[in-house]
Amino acid sequence: MEGPDIISITEISKDELKNLFNDTKKIKEELRHERALNYLEGYVMATAFFEPSTRTKLSFQVAMLKMGGSFIDLPPYEASSRAKGENFADTIRMLDSYADVIVIRHRLEGAARFAAEIAESPVINGGDGTRDHPTQAMIDLYTIFEEKTKLEGLSVGVLGDLKYGRAAKSFTLGISKFEPRIIYLISPPQLAPLDDLKEELDKMNTDYEEVSDLRDVIGELEVLYVTRIQKERFPDPLEYERVKGSYRVDLDLLSEAKDDLMILHPLPRVDELSLEVDNTHYAKYFTQASNGVPVRMALLKRVLKG
Ligand code: NCD
């Protein structure tokens, strides 16, 4: 990896990702024979989550335990010194002095990079603001690699909140490294991607097209990445009310899908992905979620041991 901090998927090369995926594959193989490994014995990870999380925090913690290490977790606001007025930088300094690696999630874009400037230990971004969620993108890409045995040249659809969704954006930027045939950016007009994402795709020479209805392209896709509307990020609740429930993947829509389509979703889902899809061979989102552990095991090993 380029430097010890993991802040954005854009800063990680295709070769580094491939190495990480090979390590992940080996770790998965080792876990078939052993309940836990000991590569990170004696190492401590701090999780500092200033925003809600289920999968990211728990899978990082399990990953560290399964590598033989341990973790400390920053208590929620009311139970930590933040409630006494302690500032962000001092909180990070403390975690830095107790732990060998810090995983951080924050509402504000740039929080992870700021933490990395303060901390001497490596910082891993567990999702900050509306753009970066690098480890989610690693898991998404690994799941495609495992399923399709390749990442290059795919026809990909990214559906949902392309304005506020950091998982959708990080995935789009991540898969772009592998020269997709095309990426369809599928969203209601109110949730269309802003210029910054499109400019980054242009810089990478990625072929993409903006589409407002999944039905128009579903028959072409090999990968469909579904995301929820990021209700909590809307500056105006009325804006959310106008767009909620505006798209949904269900069996009717999938009747036009190619047989080798795989559906990913970073989770949590709300109403954009019908429960009936879970029982189809397209559904790969629970496999994707479970890959969170071995991918993060491989990542922690690379970050802590090089
Ligand atoms: C995502 C996030 O936090 O950005 N969650 C996750 O880590 N799987 C997606 C989301 O909240 O919609």
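**Close-up 1. Helices H5 and H11 cross in this predicted model.** The axes of helix H5 (residues 134–148) and helix H11 (residues 292–305) come within 9 Å and cross at roughly 115 degrees. The crossing in which H5 passes H11 is right-handed. From H5, the contact is made by Thr 135, Gln 136, Met 138, Ile 139 and Tyr 142. From H11, the residues in the contact are Gly 292, Val 295, Arg 296 and Leu 299. By class, the residues of this contact of H5 with H11 are 5 nonpolar, 3 polar and 1 charged.

**Close-up 2. Domain 1 and domain 2 are in contact.** The protein is divided into domain 1, made of residues 9–132 + 292–305, and domain 2, made of residues 134–289. The range of domain 1 that covers 292–305 is also the range of helix H11. Between the C-alpha centres of domain 1 and domain 2 there are 25 Å. In the contact, 29 residues belong to domain 1 and 30 residues belong to domain 2.

**Close-up 3. The largest cavity is lined by residues of both domains.** The structure holds 2 cavities of 30 Å³ or more, and the largest cavity contains about 70 Å³ of space. Helix H2 (55–66), H5, helix H10 (285–290) and H11 are the elements that give two or more residues to its lining. Arg 55, Thr 56 and Ser 59 are among the lining residues, and so are Gln 136 and Ile 139. The lining also includes His 265, Pro 266, Tyr 285, Gln 288 and Ala 289, together with Gly 292 and Arg 296. Gln 136, Ile 139, Gly 292 and Arg 296 also take part in the contact between H5 and H11. The lining of the largest cavity consists of 4 nonpolar, 6 polar and 2 charged residues. Domain 1 and domain 2 each supply at least three residues of this lining.

**Close-up 4. The largest pocket also draws its lining from both domains.** This pocket has a volume of about 450 Å³. Of the 23 residues that line the largest pocket, Arg 105, Arg 166, Arg 228, Leu 267 and Pro 268 are the closest to its centre. H2 and helix H6 (166–175) are the elements that give two or more residues to the lining. The largest share, 3 residues, comes from H6. The lining of the largest pocket has 6 nonpolar, 9 polar and 8 charged residues. At least three lining residues come from each of domain 1 and domain 2.

**Close-up 5. A cis peptide bond joins Leu 267 to Pro 268.** For this bond, omega is near 5 degrees. Pro 268 is placed in the loop between strand S9 (262–264) and H10. Leu 267 and Pro 268 are both among the residues closest to the centre of the largest pocket.

**Close-up 6. The second largest pocket holds about 170 Å³ of space.** Its lining includes Leu 159, Ile 186, Ser 187 and Pro 188. Ser 212, Asp 213 and Leu 214 are also part of the lining, as are Ser 246, Tyr 247, Arg 248 and Leu 253. By class, the lining of the second largest pocket divides into 6 nonpolar, 3 polar and 2 charged residues.

**Close-up 7. Asn 205 has a positive phi.** Its phi is near 60 degrees, and Asn 205 is a residue other than glycine. Asn 205 is in the loop between helix H7 (195–203) and strand S7 (208–211).

Note on methods:
Residues numbered from 1 in each chain as written. Predicted model: local features only at pLDDT ≥ 70, side-chain atom pairs only at ≥ 80, totals over all residues. Heavy atoms only, no water. Axes fitted to C-alpha atoms, helices over the stretch in contact; angles between N-to-C directions. Helix = DSSP H or I, 4+ residues; strand = E, 2+ residues; numbered from the N terminus. Left-handed = near helix turned anticlockwise from the far one by under 90°. Contact = heavy atoms within 4.5 Å. Nonpolar A, V, L, I, M, F, W, Y, C, P; charged D, E, K, R; others polar. 1 Å grid on protein atoms, 1.4 Å probe; cavity = no way out; pocket = protein on both sides within 12 Å on 5 of 7 lines; lining within 4 Å. Points joined across faces, edges and corners; volume = space filled by probe spheres on them. Domains from an automatic or database assignment.
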